[in-house]
Amino acid sequence: MINSVLSIFLKDALLEARRKTSFAGILVYVIGTVYVCYLSFRLIIDVPTWNALYWIILLFAAVNAVARNFLVETRGIQLYNYLIFSPSSFIISRILFNVIYLFSIAMVTYLFYALFLGNLVQDIPMFLISAFLGTACLSSILTLMSAIASSAGGNPSLVAILGFPVILPTLLTVIRSSKNAIDGLAWSVNMQYLIVLGTLFILSLVLAILLFPYLWKD
Amino acid sequence: MKLTWWKVSAILLLIYTVIYGFLVEAPRMAILNETIRNLFFHVTMWFSMMILLIVSLIHSIKYLGTFTIRHDEIAVESVRVAMVFGILGLLTGMVWAKYTWGAWWVNDVQLNGAAGTMLVYTAYFLLRGAIEDESKRARISSVYSIFAFTMMVVFIIVLPRMTDSLHPGKGGNPGFSTYDLDSNLRLIFYPAIIGWTLLGVWLLNIKLRINKINNMIIK
């Protein structure tokens, strides 16, 4: 099982590394958004605004990225996947790939965000950990939503419609936890939010593994 | 209308709730005063909405297990009735909020959970509208329903306990504390839950029969 997960993951990673179109597209989207915000705000000193804007940009980038990854596959590739791989290893490797993908986008976004709009983060390791857990949750939830949307006809806006309500708990928790990290609060205070994020990630991962085989019969 | 035992008891329980809800002696608490009577309507409606959503969840799981279309029909119609109760619950909650907290809507985790639940099931209906084929629609919407319900349950139950909340009974305490509910109120509260749930089941029953007749007409 681990072998097949790794092999699908490597296949996706290699394809992405060679073509780079989707990663570059999302990067352009993100940097463009950050630059527009820079032109409007110039410099953000207010912590809640900084935090909220960062996560809003990331949220929309994440929905775009995951939807694009799933919906770009043609019928032929989908059939190939169905014949060769087992559904659980497919969904696990997809989710893992999206986690790494979204986390790297989050890091690049943070870099440009800090460059243009000022770096307010006081506890950087904590911020990175909460960003990692947040993007992990986002990725697993959005991957399943993209799978549902691609089974239901491949309409990209369906991913957003289905995803946004389910993402609300994750988003609330991660915004609160990263705000604590920006303010530089002690780890004990933030631990509960990180545990919630971890639990949400594992919960959505398990649910995705259980439910994906029903979508697989396409 | 067939007067079965449960329909009659639904009517009687709800008449009892409405009449005694306004006649019973309300215990005095600061800020709440007489508005505690809303407890019989707002909270009980949410309870019956949750019960109906659990019914929907069970039938979604059963559909994925057996693939009989009947389970999917029950799942979707119970979500529909649950949404009706949810909207009513939100409206009664907003009225209650205006008179106790001063605003129609506040930034409170429970309210976020309520709004999230409404959005999730709106998306459920949108998803169902997007798929033409009956069995595919049933399969995909069951998957979404199970996933969304689990995440929402986590949202509504776990998060309020971790953070402070304006809602009575939260902010550190587990959901609904039975210790600070006056016995008088309890006499009306539990029957009210049963009454609203039975009303919901009645609506569900009627809707399912309407659907069956519609299907027969189409054929």
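## Fold of chain A

Chain A holds 8 helices and 0 strands, and the order of its elements from the N terminus is α-α-α-α-α-α-α-α. The radius of gyration of chain A is 18 Å, close to the 17 Å given by the globule rule for 218 residues, so chain A is as compact as a globular protein of that length. The C-alpha trace of chain A spans about 55 × 35 × 30 Å along its principal axes.

The model is predicted. In chain A the pLDDT averages 84, and 98% of the residues score at least 70. Within this chain, confidence is highest in H6(A), with a mean of 89, and lowest in helix H4 (residues 75-84) of chain A, with a mean of 72.

## Burial and contacts within chain A

Of the 218 residues in chain A, 44% are buried. When contacts between residues at least 6 apart in sequence are considered in chain A, 85% of them join residues at least 24 apart.

Val63(A) offers an example from helix H3 (residues 47-71) of chain A. This residue counts as buried because it has 21 C-beta neighbours inside 10 Å, where 20 or more are required. Beyond its neighbours within four places in sequence, Val63(A) is in contact with Leu142(A), Val159(A), Ala160(A) and Gly163(A). Val63(A) and Phe164(A) are 101 residues apart in sequence, yet their C-alpha atoms are 9.1 Å apart in space.

## Nonpolar core

The largest nonpolar core contains 117 residues, and those that touch the most other members are Ala62(A), Ile148(A), Leu162(A), Leu197(A), Tyr144(B) and Ala148(B). H6(A) supplies the largest share of this core, 14 residues.

Leu197(A), one of the residues that touch the most other core members, can be followed further. With its neighbours within four places in sequence left aside, Leu197(A) is in contact with Leu133(A), Gly134(A), Cys137(A), Thr173(A), Val174(A) and Ser177(A).

## Interface between the chains

At the interface, 22 residues of chain A are in contact with 24 residues of chain B. On the side of chain A that touches chain B, the elements giving two or more residues are helix H6 (124-151), helix H7 (156-183) and helix H8 (187-216) of chain A. By class, this side of chain A has 18 nonpolar residues, 4 polar residues and no charged residues. H6(A) thus appears in two settings: among the elements of chain A that touch chain B, and as the source of the largest share of the core.

## Fold of chain B

Chain B has 6 helices and 0 strands, and its pattern along the sequence is α-α-α-α-α-α. Buried residues account for 37% of the 219 residues in chain B. Among contacts in chain B between residues at least 6 apart in sequence, 74% join residues at least 24 apart.

Two helices of chain B can be checked against their expected lengths. Helix H2 (residues 42-66) of chain B has 25 residues, which at 1.5 Å a residue should span 36 Å; its end C-alpha atoms are 36 Å apart, in agreement. Just after H2(B), Phe67(B) adopts a positive phi of about 60 degrees. Helix H3 (residues 69-100) of chain B has 32 residues and should span 46 Å at 1.5 Å a residue; the distance between its end C-alpha atoms is 46 Å, which agrees. Just after H3(B), Gly102(B) takes a positive phi of about 90 degrees.

Definitions and conventions: Residues are numbered from 1 along each chain as its sequence is written. Chains are lettered from A and ligands numbered from 1 in the order in which they are written. This is a predicted model: local features need pLDDT of at least 70, side-chain atom pairs count only at pLDDT 80 or more; totals for chains, interfaces and linings use all residues. Two residues are in contact if their C-beta atoms, placed from the backbone, lie within 7 Å. Helices (H or I, at least four residues) and strands (E, at least two) are DSSP runs, numbered from the N terminus. Ala, Val, Leu, Ile, Met, Phe, Trp, Tyr, Cys and Pro count as nonpolar, Asp, Glu, Lys and Arg as charged, and the others, Gly among them, as polar. pLDDT is the predictor's confidence in each residue, from 0 to 100. A nonpolar core is a set of buried Ala, Val, Leu, Ile, Met, Phe, Trp, Tyr and Cys residues joined through C-beta atoms within 7 Å. A residue is buried if 20 or more other C-beta atoms lie within 10 Å of its own, exposed if 12 or fewer, and partly exposed in between; C-beta atoms are placed from the backbone. The radius of gyration is taken over C-alpha atoms; the globule rule is 2.2 Å times the number of residues to the power 0.38. The expected span of a helix is 1.5 Å times one less than its number of residues.
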